[in-house]
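Biologist: Can you walk me through this one? I'd like to start with the inside, then move outwards.

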Amino acid sequence: MIWYLIIFHVLSFHNLNLNTNDTHLKFDIVLKEKIVGQLQASKTFKDSKIHYQSATNISTRFITDLSVNYKYNVVFNNHNLKKADVYITINNKPHAETSTEWQGDHYLIKQNDDKARFYDETINYSTILMYFEEPKDVVSCFSEEDGSINTIIPLGNHTYKKVNAKGKENIYYYKKGKLIRAEIDGGLISFQMIAK
């Protein structure tokens with residue numbers, strides 16, 4: 001019997017150690033006071049890199065039935081963005097795809113079928129990080145979705161406005177460093193994200 005307890009204790013401690021730094025978040029997507037979807041995000045550590053993933057699924061009626069899905073896969077190493085892939089579908093059809101990859105001395109950004117662009121400054125903060133940490137002392141962030149630099153404006157009381165390259169504004173609300181709510185201008189639809 002004692003061997004079973006020892007093995008259970010060792011295995012439990014081992015599994016606990018593997019996952020102590022990983023973070024998993026869930027948000028309800030709310031449109032006109034109705035839950036229309038979910039956003040799930042994770043932050044995991046693997047091979048000295050931090051992997052961020054998020055998946056957003058929204059289903060609503062906007063003139064006709066509308067189903068929007070966002071998938072983000074983002075990798076940071078030593079606080080620098082190494083790779084980001086974003087894939088968006090609307091009604092199960094490809095809508096937008098953006099890939100960003102560090103190539104030694106610059107980023108190569110490919111968006112849909114447009115000509116590739118280059119960005120030669122190191123990126124150490126991107127939009128997906130806003131789900132996981134309050135952007136204290138951060139004035140700009142990289143948008144994985146369109147490969148542009150967004151402005152972050154502190155509004156006080158742990159609230160921040162993110163303004164994208166087209167002038168669209170999102171508002172993020174934090175409590176004790178954690179994102180509790182956001183107001184998102186998603187282009188086709190505007191919605192709220194509320195932490196579960």
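Biologist: Which residues does Leu 81 touch, leaving out residues up to four places away in sequence?

Modeller: This is a predicted model. In it, Leu 81 touches Val 74, Val 75, Phe 76, Thr 100, Trp 102, Tyr 107, Ile 123 and Phe 142, with residues up to four places away in sequence not counted.

Biologist: And which residues touch the most other members of the largest nonpolar core?

Modeller: Leu 81 is one of them. The others are Ile 58, Val 74, Ile 128, Tyr 131 and Met 193. The core holds 42 residues. Strand β4 gives the largest share of this core, with six residues.

Biologist: Zoom out a bit. How many helices and strands does the protein chain have?

Modeller: The chain has one helix and 14 strands.

Biologist: What percentage of the residues is buried?

Modeller: Of the 196 residues in the chain, 39% are buried. The accessible surface is about 12,400 Å². Carbon and sulfur atoms own 52% of that surface.

Biologist: Back to β4. How does β4 pair with β5, parallel or antiparallel?

Modeller: Antiparallel, over ten bridges. β4 covers residues 64–77, and β5 covers residues 80–90. Look for Tyr 72: Val 86 in β5 stands opposite.

Biologist: How many residues sit between the strands in that hairpin?

Modeller: Two. Asn 78 in this hairpin has a positive phi near 50°. His 79 lies in the loop between β4 and β5 as well. The phi of His 79 is also positive, at about 65°, although His 79 is not a glycine.

Biologist: Why point that out?

Modeller: Most residues other than glycine have a negative phi.

Biologist: Is His 79 buried or exposed?

Modeller: Exposed, because its relative accessibility is 67% and the cut-off for exposed is over 50%.

Biologist: Where else can I find a positive phi in a residue other than glycine?

Modeller: Try Asp 137, with phi near 60°. Asp 137 is in the loop between β8 (117–119) and β9 (140–143). Its relative accessibility is 82%, so Asp 137 counts as exposed.

Biologist: OK, on to the other side of β5. What does β5 pair with over eight bridges?

Modeller: With β6, residues 93–102, in the antiparallel sense. Tyr 87 has Glu 97 in β6 as its bridge partner. β5 and β6 form a hairpin, with two residues between them. Asn 91 in that turn has a positive phi of about 50°.

Biologist: Pick a residue in β5 for me. What touches Asp 85 beyond its neighbours within four places in sequence?

Modeller: Asp 85 lies in β5. Beyond those neighbours, Asp 85 is in contact with Lys 71, Tyr 72, Asn 73, Thr 98 and Ser 99. Asp 85 counts as partly exposed because its relative accessibility is 27%.

Biologist: How many residues apart in sequence are Asp 85 and Glu 101?

Modeller: They are 16 residues apart in sequence. In space, they are 8.6 Å apart, C-alpha to C-alpha.

Biologist: New topic. What happens towards the end, with β12 and β13?

Modeller: β12 (residues 169–175) and β13 (residues 178–185) run antiparallel, joined by five bridges. Tyr 173 has Arg 181 in β13 as its bridge partner. The two strands form a hairpin with two residues between them. Lys 176 in the turn has a positive phi of about 55°.

Biologist: Which strand does β13 pair with over five bridges, apart from β12?

Modeller: With β14, residues 190–195, also antiparallel. There, Glu 183 has Gln 192 in β14 as its bridge partner.

Biologist: Which residues is Glu 169 in contact with, beyond four places in sequence?

Modeller: Glu 183 is among them, along with Lys 161, Lys 162, Val 163 and Asp 185. Glu 169 is in β12, and its relative accessible area of 41% makes it partly exposed.

Biologist: Last one. How much space lies in the largest pocket?

Modeller: About 810 Å³. Its lining has 35 residues. Tyr 70, Ile 88, Glu 145, Asp 185 and Gly 186 lie nearest the centre.

Biologist: Which elements give two or more residues to the lining?

Modeller: β3 (49–62), β4, β5, β6, β12, β13 and β14.

Methods
Residues numbered from 1 in each chain as written. Predicted model: local features only at pLDDT ≥ 70, side-chain atom pairs only at ≥ 80, totals over all residues. Heavy atoms only, no water. Pairing = 2+ DSSP bridges. Helix = DSSP H or I, 4+ residues; strand = E, 2+ residues; numbered from the N terminus. Buried < 20%, exposed > 50% of the residue type's maximum accessible area, 1.4 Å probe, protein only. Areas by Shrake-Rupley, 256 points an atom, 1.4 Å probe, with all protein chains shown as cover. Core = buried A, V, L, I, M, F, W, Y, C linked by side-chain atoms within 4.5 Å. Contact = heavy atoms within 4.5 Å. 1 Å grid on protein atoms, 1.4 Å probe; cavity = no way out; pocket = protein on both sides within 12 Å on 5 of 7 lines; lining within 4 Å. Points joined across faces, edges and corners; volume = space filled by probe spheres on them.
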